Every structure is written in structure tokens, then in C-alpha cells.
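User: Please take a close look at the sheet in this model and at what packs against it. I would like one connected account that also covers the cysteines.

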Amino acid sequence: MNDIHPDQRVAVLADSQNLYHSAQSVYSRNIDYSGLLEEAVADRSLVRAIAYVIRADSPEEESFFEALRDIGFETKIKEIKTFADGSKKADWDLGMSLDAVSLASHVDTVVLCTGDGDFARLCSHLRHEGVRVEAMGFGNSAADELIEAADDFVDLAEEEETFLL
């Protein structure tokens, strides 16, 4: 697929819920989004960085959203849906996929910051369109199908000092 070079145009799409739960469950730590963005861009030309977040009515979430914007991420916020049985759901899989497909004609590389195997088909589609796909996630919780479908996979666990706070 495409080689990495300084003129390469990059879009970074961060699945914040997936990253948060992986970092918390294994390390009881938070993601360093500044380090994540810097490593994802890797001295290439950033076209767009989007963090997909869920509003959970937590007191500190607005400061988190603001911090993401200060780092350079556009935030897309979804409210949690509560169903009649009390169950809750909120995810950005479809929204991230649509954004990635929409951005494909404007970038050379899409970096998916997630370990979610649901994005494997998206990787295949983007690669078919000539877009390089890189995934960044925690190897111990990332889906094998995602790792295999991407051109490159960065295991965040291998550089804890860069990716965790």
C-alpha cells in the first residue's frame, strides 16, 4: 500500500469509548490524546482529527471535551440512549465509518484509533479505494480482524509512556 512520507495527508479518527475502556480495564489509566495525535500524524500533514465521545453526564466530561479541542481534535458528541428496560447504548461505529469513507478522497491515510473489530470491513473498503489504513489500539484487547485488515497496527501497550497518563 502507500508508503509513509512527509507530504502524506492524514485523518485521525479516535474511538474515545473504546480507548477509554481498554486503558481503564488493563491499566487503570487514561489516554494521553496529545501523544496519540502526535504519533498518529507522525510528521505528516494533518487534514482532520476527530474524537468521537459520549456524553455521560459526568462532572469532568466538559473539561475533557475542551482538552481534546485544545489538543487539536474536533469532538463529535453523542448522548447515551436509555431504553425502556433501563439498558443504555451509545456508540460511534457508524458515524466513524461514514466520516472515514467521506474523508477517503481527501487523504492518503486514515488512522483509526480503536481496537474494535467492527472496523475491519471499513479497513478493507478504504484500502480498496487506495487509502492507507493504520490502526492504533491496545494489542491485548484489539480484535485480530482489525489488526489483520489494517496496513499497520500500533500497539499502544508497547509505549505506555507515550500513550497513557
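Analyst:
**The sheet and its surroundings**

Helix 4, residues 93–103, lies across strand 1, strand 2, strand 3 and strand 6, and runs at about 175° to strand 1. The model is a predicted one.

The sheet that helix 4 lies across is open and is formed by 6 strands in the order 3-2-1-6-7-8, with parallel pairing. Its edge strands are strand 3 (74–79) and strand 8 (152–155), each of which pairs on one side only. On average, neighbouring strands of this sheet are turned by 15° against each other, with direction ignored.

Within this order, strand 1 (residues 9–15) and strand 6 (residues 109–113) pair in the parallel sense over 5 bridges. In this pairing, Val10 stands opposite Thr109 of strand 6. Helix 3 (residues 61–71) also packs on the sheet, where it touches strand 2 (45–55) and strand 3. The direction of helix 3 makes about 175° with that of strand 2.

A residue of the edge strand shows this packing in more detail. Thr75 has its place in strand 3. With a relative accessible area of 17%, Thr75 falls under the 20% limit and therefore counts as buried. Leaving aside neighbours within four places in sequence, Thr75 is in contact with Ala51, Phe65, Leu68 and Arg69. One of these partners, Arg69, is also joined to Thr75 by a polar contact of 2.8 Å between the two side chains.

The cysteines remain to be considered. A disulfide is a covalent bond between the sulfur atoms of two cysteines. The structure holds 0 disulfides. For Cys113, the closest cysteine sulfur is that of Cys123, at 12 Å, which is too far for a bond. The cut-off for a disulfide is a sulfur pair within 2.5 Å, so the 12 Å between the sulfur of Cys123 and that of Cys113 rules out a bond from the side of Cys123 as well. Cys113 is buried, because its relative accessibility is 0%. Cys123 likewise has a relative accessible area of 0% and is therefore buried.

Taken together, the parts described are a parallel open sheet, helix 4 lying across strand 1, strand 2, strand 3 and strand 6, and helix 3 packed on the sheet at strand 2 and strand 3. Thr75 in strand 3 is in contact with residues including Ala51 and Phe65.

Note on methods. Residues are numbered from 1 along each chain as its sequence is written. This is a predicted model: local features need pLDDT of at least 70, side-chain atom pairs count only at pLDDT 80 or more; totals for chains, interfaces and linings use all residues. Side-chain values use heavy atoms; hydrogens and water are left out. Two strands pair if DSSP finds at least two bridges between them. Helices (H or I, at least four residues) and strands (E, at least two) are DSSP runs, numbered from the N terminus. Axes are lines fitted to C-alpha atoms, for helices over the stretch in contact, and angles run from 0 to 180 degrees between N-to-C directions. Contact means heavy atoms within 4.5 Å. Buried means under 20% relative accessible area, exposed over 50%, partly exposed in between (1.4 Å probe, protein chains only). A polar contact is a pair of N or O atoms within 3.5 Å; within protein, one must be able to donate a hydrogen and the other to accept it, and residues adjacent in sequence count only if both atoms are side-chain atoms.
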